[in-house]
Amino acid sequence: MDASEEIAPAVRSILAAARERGGGDERVSVDARSLPDAFAAAEADDRVPVIAEVKPTSPTTDGERTDDPVELAEAMVAGGAAALSVLTEPDHFGGSPESLRRIREAVDVPVLRKDFVVREAQLDTVAADVILLIVRFLQEDDTDDLGDLLAAARDRGFQVLVEVHDGDELQQALDAGADIVGVNNRDLAELVVDLDTFERVAPDVPEDVTLLAESGIETTDDVARMRAAGADGLLIGSAIMNGSVAENTSRLTQTETQT
Ligand SMILES: O=P(O)(O)OC[C@@H](O)[C@@H](O)c1c[nH]c2ccccc12
């Protein structure tokens, strides 16, 4: 299938760059920090399990945040983030594998590598606790298969977050054996965010799968809404990156009983 005809030009450009990018020279082997355990620890401490995302810029953001990524990451953890997500995509998100390496060294929480991995060798760019695979981007002839990449990632010790946007993609994720699934509220065809997306897809996710709501979560009301719809954890970028990172994280990880 040629999915590139149905996706936004900005996303097409991201994908084209991803196809060209090389991988690591050596196969990585990770001793991963458990994401489900980190979520359980946050819950036990009365915090909403949030993965806070270090995202210097994006195709839907104005400007770029140039602070030291390690300082941003430490402020997120101080604010109560259960885990971190770090963009490593250099051309469209201002990320770098080196930022992730430094951040993972500086914090104790699990770190997700946010990138557009389409070939096995790209798993070896840098070690992380969790790696992202996006179903939408693994449906074309010149990318590796979701199932093969999932197995290759687990062989290296990674936990794998499989990102979906609708019921059909969810089925592909489950068929491939995904045990951590993220529903992206942002439509990659139009780059529009709609929190209904999570509410639509979540009911079909089995209980034993760790379920994340991704994108467009800005307020404590949004947090409550995604939790009510069944999110085990939330992935939040822009609403944390805009302004004081520690304060934003602290506000968005607060449970209703504390507010
Ligand atoms: O900044 P937001 O709207 O809180 O979104 C965070 C995250 O979900 C988003 O950055 C994202 C979701 N899936 C991705 C895939 C690649 C890069 C980025 C993403």
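This is a dialogue on how to read strands, burial, contacts and the ligand shell in a predicted model.

Trainee: What should I know before reading the numbers?

Mentor: Residues are numbered from 1 along each chain as its sequence is written. The model is predicted: local features need pLDDT of at least 70, side-chain atom pairs count only at pLDDT 80 or more, and totals for chains, interfaces and linings use all residues.

Trainee: Is Val 86 buried or exposed, and why?

Mentor: A residue is buried if 20 or more other C-beta atoms lie within 10 Å of its own, exposed if 12 or fewer, and partly exposed in between, with C-beta atoms placed from the backbone. Val 86 counts as buried because it has 28 C-beta neighbours inside 10 Å. Val 86 belongs to strand E2 (residues 83-87). Helices (H or I, at least four residues) and strands (E, at least two) are DSSP runs, numbered from the N terminus.

Trainee: Which residues does Val 86 touch?

Mentor: Two residues are in contact if their C-beta atoms, placed from the backbone, lie within 7 Å. Not counting residues up to four places away in sequence, Val 86 touches Val 54, Gly 95, Ser 99, Leu 100, Ile 103, Val 111, Arg 113 and Lys 114.

Trainee: How do I read the pairing of E2 with E3?

Mentor: Two strands pair if DSSP finds at least two bridges between them. E2 and E3 run parallel and are joined by four bridges. One bridge sets Leu 87 against Lys 114 in E3. E3 also runs parallel to strand E4 (residues 130-134), with two bridges between them, and the partner of Leu 112 in E4 is Val 130.

Trainee: Which way do the residues of E3 point?

Mentor: In a regular strand the side chains alternate between the two faces of the sheet. In strand E3 (residues 111-114), Val 111 and Arg 113 point one way, Leu 112 and Lys 114 point the other way, and all are buried. In E6, Ile 180, Gly 182 and Asn 184 lie on one side and Val 181 and Val 183 on the other, and all are buried.

Trainee: What does Leu 132 in E4 touch?

Mentor: Leu 132 is buried because 24 other C-beta atoms lie within 10 Å. Leaving out residues up to four places away in sequence, Leu 132 touches Leu 112, Arg 113, Lys 114, Asp 115, Leu 161 and Glu 163.

Trainee: How does the chain get from E5 to E6?

Mentor: A crossover is right-handed if, with the strands pointing away from the viewer, the path from the first strand over the helix to the second runs clockwise. Strand E5 (residues 159-164) pairs with E6 in the parallel sense over three bridges, and Val 164 stands opposite Val 183 in E6. From E5 the chain crosses through helix H7 (residues 167-175) to E6 in a right-handed β-α-β crossover.

Trainee: What follows E6?

Mentor: Strand E6 (residues 180-184) pairs with E7 in the parallel sense over five bridges. The chain passes from E6 through helix H8 (residues 196-201) to E7, again as a right-handed β-α-β crossover. Among the bridge partners in E7 are Leu 212 for Gly 182 and Glu 214 for Asn 184. Strand E7 (residues 210-214) has four of its five residues buried. E7, helix H9 (residues 220-228) and E8 then make a right-handed β-α-β unit. E7 and E8 run parallel over three bridges, and Ala 213 has Leu 234 as its partner in E8.

Trainee: Which residues touch the most other members of the largest nonpolar core?

Mentor: In soluble globular proteins, nonpolar side chains tend to be buried together. A nonpolar core is a set of buried Ala, Val, Leu, Ile, Met, Phe, Trp, Tyr and Cys residues joined through C-beta atoms within 7 Å. The largest such core has 77 residues, and Leu 84, Ile 131, Leu 133, Val 160, Val 162, Val 181 and Leu 234 touch the most other members. Beyond its neighbours within four places in sequence, Leu 234 is in contact with Val 48, Val 50, Leu 212, Ala 213, Ile 217, Val 223 and Met 226.

Trainee: Which residues come nearest the ligand?

Mentor: A residue is near a molecule if its C-beta atom, placed from the backbone, lies within 6 Å of it. Of the 14 residues around the ligand, Glu 214, Ser 215, Leu 235, Gly 237 and Ser 238 come nearest. Strand E8 (233-236) and helix H10 (238-241) are the elements that give two or more residues to this shell. The shell divides into four nonpolar, five polar and five charged residues. Here Ala, Val, Leu, Ile, Met, Phe, Trp, Tyr, Cys and Pro count as nonpolar, Asp, Glu, Lys and Arg as charged, and the others, Gly among them, as polar.
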